[in-house]
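The following exercises concern ring geometry, burial and ligand contacts. Please examine the sequence and the structure before working through the solutions.

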Amino acid sequence: MPPHSHKDYQRTVDWLLSQTQHRPKVAIICGSGLGMLADALQCQDSFKYSDIPGFPQSTVQGHVGRLVFGELKGKTCVFMQGRFHMYEGHSLCKVTFPVRVFKLLGVETLIVTNAAGSIAESYHCGDVMIIRDHINFPGLAGINPLNGPNDDKFGPRFPPMSGVYDKDLRKLAFDICKSMGITQFVQEGVYCMVGGPNFESIAEARLLHKLGVDAVGMSTAPEVLVASHCGMRVFGLSLITNKVVKSYEDSETTNHEAVLEVSKMRSEMLQKLISEIIIRMDINNNEA
Ligand SMILES: O=P(O)(O)O[C@@H]1C[C@H](O)[C@@H](CO)O1
């Protein structure tokens, strides 16, 4: 499928601007089972993805499929309750469509969240990992949302990917975790995107471990890539919902229901953490 044109994004933007008075500077993508992160928003305007021109549809349980605009102590935000995954059959251009819509809406900071399995031995179920960096397996294999003609209005043909996860926001998040008294649950590490929808084989899990991966999931890297390409500041959190099996002696298996169960368990803590980050981040001059 060819990349979307500027006009395609603008059509969606124009529709949203005509439906809401909110003009968000921060966008949040909610991972599996994490849609309730938007519940803290005041003065909400929400739109089903199926009603938004040009928007793809969510098909995965735990991804409601709604865009919610609102305010957190005067900071205007937009939350995606549900994201799109490559394994649903969407092209990466579709998966990342909302990110460019956010850019044209005036969003400067993108916060990504996801559910992920732990590869690092020291991580536990329910931990929160501040993403320091990622390994984009589909990207390394040439499956990239920026494939095709480059749209120079968004960013350069060859964007750098080092230092993409903003250092100041990572520090701010850690400081907030300290003040919330939750540092025993907090990690910082490397997220790896795989294509899914299957969970990892034991040999694959061992490979990821050797590569220095801390947590593995099936999303996030494409959205981060497109956000960074168009100059947005990026911050990411993984909720560790399961331990990835790395031993042939271990009879445990992973399933999506268990992932959603852990998301639910940690929802309140994550909501507080993300709200505090948004409230305390400097939005106007892009510095935390
Ligand atoms: O959207 P995220 O990355 O949070 O979803 C994860 C990866 C799969 O979509 C699903 C597996 O349980 O959760």
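**Exercise 1: Ligand contacts**

A polar side-chain atom of H256 lies 2.6 Å from an oxygen atom of the ligand, which is a polar contact in the sense of a pair of N or O atoms within 3.5 Å (within protein, one must be able to donate a hydrogen and the other to accept it, and residues adjacent in sequence count only if both atoms are side-chain atoms). The model is predicted: local features need pLDDT of at least 70, side-chain atom pairs count only at pLDDT 80 or more, and totals for chains, interfaces and linings use all residues. Residues are numbered from 1 along each chain as its sequence is written, and side-chain values use heavy atoms, with hydrogens and water left out.

Task: Determine how much of the accessible area of the ligand the protein covers.

Solution.
- Step 1. An N or O atom in the side chain of H85 is 2.7 Å from an oxygen atom of the ligand.
- Step 2. For the side chain of Y87, the corresponding distance from an N or O atom to a ligand oxygen is 2.6 Å.
- Step 3. On its own the ligand has 340 Å² of accessible area, of which the protein covers 96% (Shrake-Rupley method, 1.4 Å probe; for residues, only the protein chains shown count as cover).

**Exercise 2: An aromatic pair**

Task: Classify the pair formed by W15 and F47, and state which parts of the chain the pair ties together.

Solution.
- Step 1. The structure holds 8 aromatic pairs; rings of Phe, Tyr and Trp (its six-membered ring) pair if their centres lie within 6.5 Å, and planes under 30 degrees apart count as stacked, over 60 as edge-to-face and the rest as tilted.
- Step 2. W15 and F47 are 5.5 Å apart centre to centre, with 75° between the planes, and the pair is edge-to-face.
- Step 3. Because W15 lies in helix α1 (residues 6–19) and F47 in strand β2 (residues 42–48), the pair ties together parts that are 32 residues apart in sequence. Helices (H or I, at least four residues) and strands (E, at least two) are DSSP runs, numbered from the N terminus.

**Exercise 3: Burial**

Task: Are W15 and F47 buried or partly exposed?

Solution.
- Step 1. Buried means under 20% relative accessible area, exposed over 50%, and partly exposed in between (1.4 Å probe, protein chains only).
- Step 2. W15 has a relative accessible area of 22% and is partly exposed.
- Step 3. F47, at 9% relative accessibility, counts as buried.
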